[in-house]
Structures are given as structure tokens and as C-alpha cells.
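Here are some exercises to work through with the structure open beside you. Try each task before reading its solution.

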Amino acid sequence: MMRNTNVRKLTMCAMLAAIYVVLSLAFAPISFGAVQFRVSEALTLLPVFSPYAVIGVTVGCLITNIAGVAMGITMPMDILFGTLATLIAAVLTYLLRNVCIKGIPVLAALPPVLVNALVIGWEITFFFLPEGASLPGFITSAVSVGTGEMVACGVLGMLLVYTLKKTKLDKKLFE
């Protein structure tokens with residue numbers, strides 16, 4: 001029984017990572033760059049159902065960022081900073097999973113928005129802006145990334161969580 005449970009958890013992590021990668025690369029033109037909207041970031045809310053989702057989305061982000069570098073659409077530092085931002089956001093989302101409004105973990109959408117706005121906003125400002133690092137550049141980058149994250153997590157992610165709970169698929173997929 002223990003072996004089946006471990007295989008199931010590993011399979012869930014692999015499937016989430018694969019879905020994250022496919023969504024990111026399918027929408028590659030809007031998934032990378034200073035102005036970005038990663039549809040796959042909606043998956044960073046899945047840790048509200050299982051701590052193993054933290055691993056799945058983090059590995060998915062890592063693979064996506066490696067692919068982005070290999071395709072020449074992002075820089076190598078995104079492998080570190082982008083993946084680290086996703087890991088931190090997913091862990092914080094997991095920790096906020098029980099803070100609910102009408103049964104929906106609304107606050108769980110905040111960590112991906114805030115962490116990515118700050119980390120990726122800083123990364124873009126420091127490494128990518130032609131005029132160099134500046135406070136106005138950081139604010140612009142952070143707001144841009146945060147806006148994309150708000151749509152991906154606050155709208156798509158919350159819709160995903162709500163739908164999984166409403167249809168009780170959360171129980172079937174994550175228990």
C-alpha cells in the first residue's frame with residue numbers, strides 16, 4: 001500500500017509539472033519577458049489541495065525556464081529566480097490553504113502575485129532593463145508582473161480551485 005501511495009504522489013508531481021510546461025510553452029509568446037502572462041501560473045494555487053503540488057509546479061517552472069533559455073527567449077538567471085519565486089509562492093499558498101471565505105481559499109492567491117511581482121520585477125529591473133536598475137523601473141516591472149499574476153492566479157487559479165472543489169475532483173485527484 002505504501003508503495004502505491006508513493007507512486008501516486010510521484011505521478012501527481014510529474015503530471016502537474018508536465019501540465020505547467022505544456023501550458024507555458026503553448027503560450028510562449030506571452031509566458032516570457034518583461035510583460036508576461038503565464039496561464040500555467042494558475043496551477044500555483046493547487047498546493048491548497050496537496051503539499052505535493054508544490055513540488056509539481058516548482059519542477060514545471062524549472063523545466064519551463066530551462067526550455068525558455070534553450071529557445072533563447074529568456075536568460076539563464078530566470079532558471080534560478082523564476083523557479084525560486086514559484087517555490088516560495090507555492091509554499092506560502094500551501095500555508096494559507098485553510099484561510100477561506102465561503103469555503104474558497106481566497107488568500108492563497110496572494111503569494112504567487114506578490115512573490116512574483118517582487119522577485120521577477122526585481123530580476124527584470126536588475127538584468128533586463130536597458131537603462132539599468134532604478135526604482136521607477138522596478139515599480140513598472142513589478143506592477144506588470146503582478147498584473148499578469150493577478151489574472152493568472154486571482155482569476156484563472158481561483159476558478160480552477162472553485163471548479164475542483166465544486167465538482168469534488170479535488171478529493172479524487174489529491175487524496
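## Exercise 1: Leu87 and its partners

Leu87 sits in helix H4, where helices are DSSP runs of H or I with at least four residues, numbered from the N terminus. This is a predicted model, so local features need pLDDT of at least 70, side-chain atom pairs count only at pLDDT 80 or more, and totals for chains, interfaces and linings use all residues. Residues are numbered from 1 along each chain as its sequence is written, and side-chain values use heavy atoms, with hydrogens and water left out.

Task: work out how accessible Leu87 is, and which residues Leu87 touches beyond four places in sequence.

Solution:
- Start with accessibility: Leu87 has a relative accessible area of 34%, so Leu87 is partly exposed. The classes are buried under 20%, exposed over 50% and partly exposed in between, using a 1.4 Å probe and protein chains only.
- Then look for contacts, meaning heavy atoms within 4.5 Å. Not counting residues up to four places away in sequence, Leu87 touches Val54 and Thr58.
- Finally, check a C-alpha distance: Leu87 and Cys61 are 8.8 Å apart in space and 26 residues apart in sequence.

## Exercise 2: H3 against H4

Task: describe how H3 and H4 pack, giving angle, axis distance and handedness.

Solution:
- Two packed helices are described by the angle between their axes and the distance between the axes. Axes here are lines fitted to C-alpha atoms, for helices over the stretch in contact, and angles run from 0 to 180 degrees between N-to-C directions.
- The H3 and H4 axes lie 9 Å apart, at an angle of about 165°. That makes H3 roughly antiparallel to H4; the label covers angles over 145 degrees, with under 35 roughly parallel, 65 to 115 roughly perpendicular and the rest oblique.
- The crossing of H3 with H4 is right-handed, as the near helix is turned clockwise from the far one by less than a right angle.
- On the H3 side the contact includes Val54, Thr58 and Cys61, and on the H4 side Gly82, Leu87 and Tyr94 are among the residues met.
- By class, this contact of H3 with H4 has eleven nonpolar residues, five polar and one charged. Ala, Val, Leu, Ile, Met, Phe, Trp, Tyr, Cys and Pro count as nonpolar, Asp, Glu, Lys and Arg as charged, and the others, Gly among them, as polar.

## Exercise 3: H5 and its two partners

Task: find how H5 packs on H4 and on H6.

Solution:
- Take H4 (residues 77-95) and H5 (residues 110-128): their axes come within 8 Å and cross at roughly 165°. That makes H4 roughly antiparallel to H5, and their crossing is right-handed.
- Among the residues in this contact are Phe81, Ala85 and Ala89 of H4, and Val119, Trp122 and Phe127 of H5. The class count for H4 with H5 is 14 nonpolar, three polar and two charged.
- Now turn to H6: the axes of H5 and H6 come within 7 Å and cross at roughly 145°. H5 passes H6 in a right-handed crossing.
- Contact residues include Trp122 and Ile124 of H5, and Gly137, Val145 and Cys153 of H6. Here the split is twelve nonpolar, six polar and one charged.

## Exercise 4: Gly137 and Thr64

Task: are Gly137 and Thr64 buried or exposed, and what do they touch?

Solution:
- Gly137, in helix H6, has 8% relative accessibility, so Gly137 counts as buried. Beyond four places in sequence, Gly137 touches Thr125 and Leu129.
- Thr64 belongs to helix H3. At 0% relative accessible area, Thr64 is buried too, and leaving aside neighbours within four places, Thr64 contacts Tyr20, Val21, Ser24, Phe32 and Arg38.

## Exercise 5: The nonpolar cores

Task: which residues touch the most other members of the largest nonpolar core?

Solution:
- A nonpolar core is a set of buried Ala, Val, Leu, Ile, Met, Phe, Trp, Tyr and Cys residues joined through side-chain atoms within 4.5 Å.
- In the largest, of 22 residues, they are Leu16, Leu45, Leu46, Phe49 and Phe174. Helices H1 (2-26), H3 (52-70) and H6 (135-166) each give two or more residues to this core.
- A second, separate core has six residues, including Ala85, Ala89, Ile124 and Val145.
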